[in-house]
Amino acid sequence: MKLCLGIILWCCTLASWSQSYNLVPNAGFEKIIGQPEKWFYTGKDFDLVFEDWKSPTAASPDVYNEKIPVPTFWREKGFYKIRPFSGKSMVGITLYGCNLGKLHCREYVAAPLIESLVIGQQYLLTLWIAPMDQGVKVDQLQVAFDHEISQTIDDKLLILKPLFNIPMVYKSGWQKIELNFFAETEARYITLGNFRNDEQTLTQRSEAPETEPYAYYYLDEISLKKIPPILSRQEIARYDSIELANTTIEIEHIYFDFDDINLLPTSYQELNKLLLLLQEHPRMKINIIGHTDHTGSSMYNKTLSLRRAKAVSQFLARHYIGVERMKIKGLGFDQPVASNKDEAGRQKNRRVVFEIIRS
């Protein structure tokens, strides 16, 4: 009996572990397959080092490993004064300094996830980051998740829509960053860096006597794991021709907290259905219209319904649907589709619909 119980507990532990494995390949940058001819002058130099991590621009992140020597010139400027947080390797990227003439003033690292995100699944992103002491410190690191790796031929700002702005502490040494989030789409790639220009980036000067006018940070041990309960992957549904022939189409299974405008993760599957429609019809334009039940004043509900319609448009905009393709309205409780005398009717009246105004 004790043996059976032990086997059951071991199997449960193994199942739990298998569901929460790290989705980031080569998380500590330890698996090195090549070496650049010189110390990272272009993104292609960086790309030679790993099978998975790449530079999405012409700028070059730096790899620190005992097999890859750092030139004396750069060591004297303060590079490589900190050791990797774990193991023998780490990566360094520039996050600020374009206005001050820094060559490669924005650098990014990107990798394919071991599996794409599951819509509505909760995740924990963990990474370790440390500033170069002789450089500027910045307020945020940004993370983008996308279906394809975004690339540009120059070494300037990468035009991506970050899913998260991760606050950072203005301090020296390694700091652990953790972020809980719910996946909005089935994104396949992770990209880290700073997608803002210098004017939008808050900074703090170093107290070191000889300070460089740019921000340079080291990255190590990047982890992305599912947080139970583990959701199964669902195929994104499509609107059929009968639905699209209607004047207005209700966005079903879209949920907000009571008296709130924040979309609940259970809404993301349905919103991806609308996102897919707009991606497949790039000329399509829509009206997004919010409705409420009869609880509260007319003015309050008009505002609430408008803000909920805006939340839907903001979701679409985060995933590269141009704002010029969407208009929003808030009609409050002016157009009920059911009685407001019971909760079942009020639930039907709390809805968001869209109209196709150009296909």
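Here is a chat about a predicted model of a protein, taken one question at a time.

Me: How many helices and strands does the secondary structure of the protein come to?
Reply: Let's set the scene with the overall frame. The C-alpha atoms fill a box of roughly 75 × 70 × 40 Å along the principal axes. Within that predicted model, the secondary structure comes to seven helices and 15 strands.

Me: What share of the contacts in the protein with a separation of 6 or more comes from residues 24 or more positions apart?
Reply: A bit of background on packing goes here too: of the 359 residues, 47% are buried. As for contacts with a separation of 6 or more, the part made by residues 24 or more positions apart is 78%.

Me: Which strand gives the most to the largest nonpolar core?
Reply: The largest nonpolar core has 57 residues, and Trp 53, Leu 125, Phe 145 and Leu 224 have the most contacts inside it. Seven residues of this core come from a single strand, the one that gives the most, and that is strand 11 (residues 215–226).

Me: How many residues are in the other core, the one with Tyr 268 and Leu 278?
Reply: That core lies apart from the largest one. Its members include Tyr 268, Leu 278, Met 284 and Leu 316, and its size is 28 residues.

Me: Which isoleucines does Trp 53 touch, not counting residues up to four places away in sequence?
Reply: Trp 53 is one of the residues with the most contacts inside the largest nonpolar core. Its partners include Phe 29, Phe 46, Val 109 and Leu 192. The isoleucines on that list are Ile 190 and Ile 222.

Me: Is Thr 191 buried or exposed?
Reply: Thr 191 sits in strand 9 (residues 189–193). Beyond its neighbours within four places in sequence, Thr 191 is in contact with residues including Pro 56, Tyr 108, Gln 142, Leu 158 and Leu 160. The cut-off for buried is under 20% relative accessible area. Thr 191 comes in at 5%, so it counts as buried.

Me: Which cysteines form a disulfide?
Reply: A search of the whole structure turns up one disulfide. The sulfur atoms in that link are 2.0 Å apart, and the cysteines are Cys 98 and Cys 105.

Me: Is the link of Cys 98 and Cys 105 right-handed or left-handed?
Reply: The number to look at is the angle about the S-S bond, 80°. With that angle, the link of Cys 98 and Cys 105 is right-handed.

Me: Of Cys 98 and Cys 105, which is buried?
Reply: Buried takes a relative accessible area under 20%. Cys 98 has 30%, so it counts as partly exposed. The buried one, with a relative accessible area of 4%, is Cys 105.

Me: Why is helix 5 oblique to helix 6?
Reply: The axes of helix 5 (residues 268–280) and helix 6 come within 10 Å and cross at roughly 60°. That angle makes helix 5 oblique to helix 6. Roughly parallel would need an angle under 35 degrees and roughly perpendicular 65 to 115, so the crossing falls in the remaining class, oblique.

Me: Which residues of helix 6 make the contact with helix 5?
Reply: Helix 5 passes helix 6 in a right-handed crossing. From helix 5, the contact involves Tyr 268, Leu 271, Asn 272, Leu 274, Leu 275 and Leu 278. From helix 6, the residues are Val 312, Phe 315 and Leu 316.

Me: What distance separates the C-alpha atoms of Leu 306 and Leu 100?
Reply: Leu 306 lies in helix 6 (residues 298–318) and is partly exposed at 36% relative accessible area. Outside its neighbours within four places in sequence, Leu 306 is in contact with Ile 328, Lys 329 and Gly 330. Leu 100 is 206 residues away along the chain, and the C-alpha separation is 43 Å.

Me: Is the peptide bond from Pro 228 to Pro 229 cis or trans?
Reply: Most peptide bonds are trans. Pro 229 lies in the loop between strand 11 and helix 4 (241–244). Omega from Pro 228 to Pro 229 is near 5°, and the bond is cis.

Me: What is the phi of His 253 near?
Reply: Most residues other than glycine have a negative phi. Glu 221, in strand 11, has a positive value near 50°. His 253, in the loop between strand 12 (249–250) and helix 5, is partly exposed at 47%. Its phi is positive as well, near 55°.

Note on methods:
Residues numbered from 1 in each chain as written. Predicted model: local features only at pLDDT ≥ 70, side-chain atom pairs only at ≥ 80, totals over all residues. Heavy atoms only, no water. Core = buried A, V, L, I, M, F, W, Y, C linked by side-chain atoms within 4.5 Å. Buried < 20%, exposed > 50% of the residue type's maximum accessible area, 1.4 Å probe, protein only. Helix = DSSP H or I, 4+ residues; strand = E, 2+ residues; numbered from the N terminus. Contact = heavy atoms within 4.5 Å. Disulfide = S-S within 2.5 Å. Axes fitted to C-alpha atoms, helices over the stretch in contact; angles between N-to-C directions. Parallel < 35°, antiparallel > 145°, perpendicular 65-115°, else oblique. Left-handed = near helix turned anticlockwise from the far one by under 90°.
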